[in-house]
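Got your viewer open? Let's take a short walk through this model, one selection at a time.

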Amino acid sequence: MKKIVLLLTLVFALSANDIIIKESHCSVDTTVNNLKNILKKKGLSIFAVINHQGNATMVNMKLNESKMVIFGKAELGTALMQQDMTAGLDLPLRVLVYKDTDGKVKMAYRDGSWLANHHILNAPKKIQKLNNALNKITTKAGQCKND
């Protein structure tokens, strides 16, 4: 019985680590603009910025500031989808920038290994490169001199 409880605890702990959350030292808008600038400089396509708070306001609901930046690189996405077309459900990539209940600005994104584990992908080098890039991009986007 103890082994089963330990195993279940481990499974839940591993699945809880699918989302990486980092604090930004900037406002939501500045963080989003930083992300967009960094992504453009790296040659990635920005497909959309979704304003969740704005959408909530349109239906007379309240929501903390929240914007999602959707972006990608066709070469990477295509290579992954060639292995498993359903990977397209989770591509392009996205970073959610939001103000939490304590007023802190956060960036959240899904760990690349989640993509590999939920689709039939054999691309450990691409996933590692993706994780490294997302880490560097979000770290840089969250750094501000003046906001």
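**Stop one: a hairpin**

Select strand 4 (93–99) and strand 5 (105–110): four bridges join strand 4 to strand 5, and the two run antiparallel. Strands here are DSSP runs of E with at least two residues, helices are runs of H or I with at least four, and both are numbered from the N terminus. Two strands pair if DSSP finds at least two bridges between them.

Before you click on, note that this is a predicted model: local features need pLDDT of at least 70, side-chain atom pairs count only at pLDDT 80 or more, and totals for chains, interfaces and linings use all residues. Residues are numbered from 1 along each chain as its sequence is written, and side-chain values use heavy atoms, with hydrogens and water left out.

Now pick L96, which stands opposite A108 in strand 5. Five residues lie between the two strands of this hairpin, and G103 in the turn has a positive phi of about 85°.

**Stop two: the other neighbour**

Add strand 3 (66–72). Six bridges join strand 3 to strand 4, again antiparallel; select I70 and you'll find its bridge partner, R94, in strand 4.

**Stop three: helix 2**

Which residues of helix 2 are buried (under 20% relative accessible area, 1.4 Å probe, protein chains only)? Select V28, T31, V32, N34, L35, I38 and L39. Seen down the axis, they fall within an arc of 160° (directions from the axis to the C-beta atoms), so they line one face of the helix. On the other side, K40 and K41 are exposed (over 50%). Finish just after helix 2 at G43, with its positive phi of about 80°.

Technical notes
Contact = heavy atoms within 4.5 Å.
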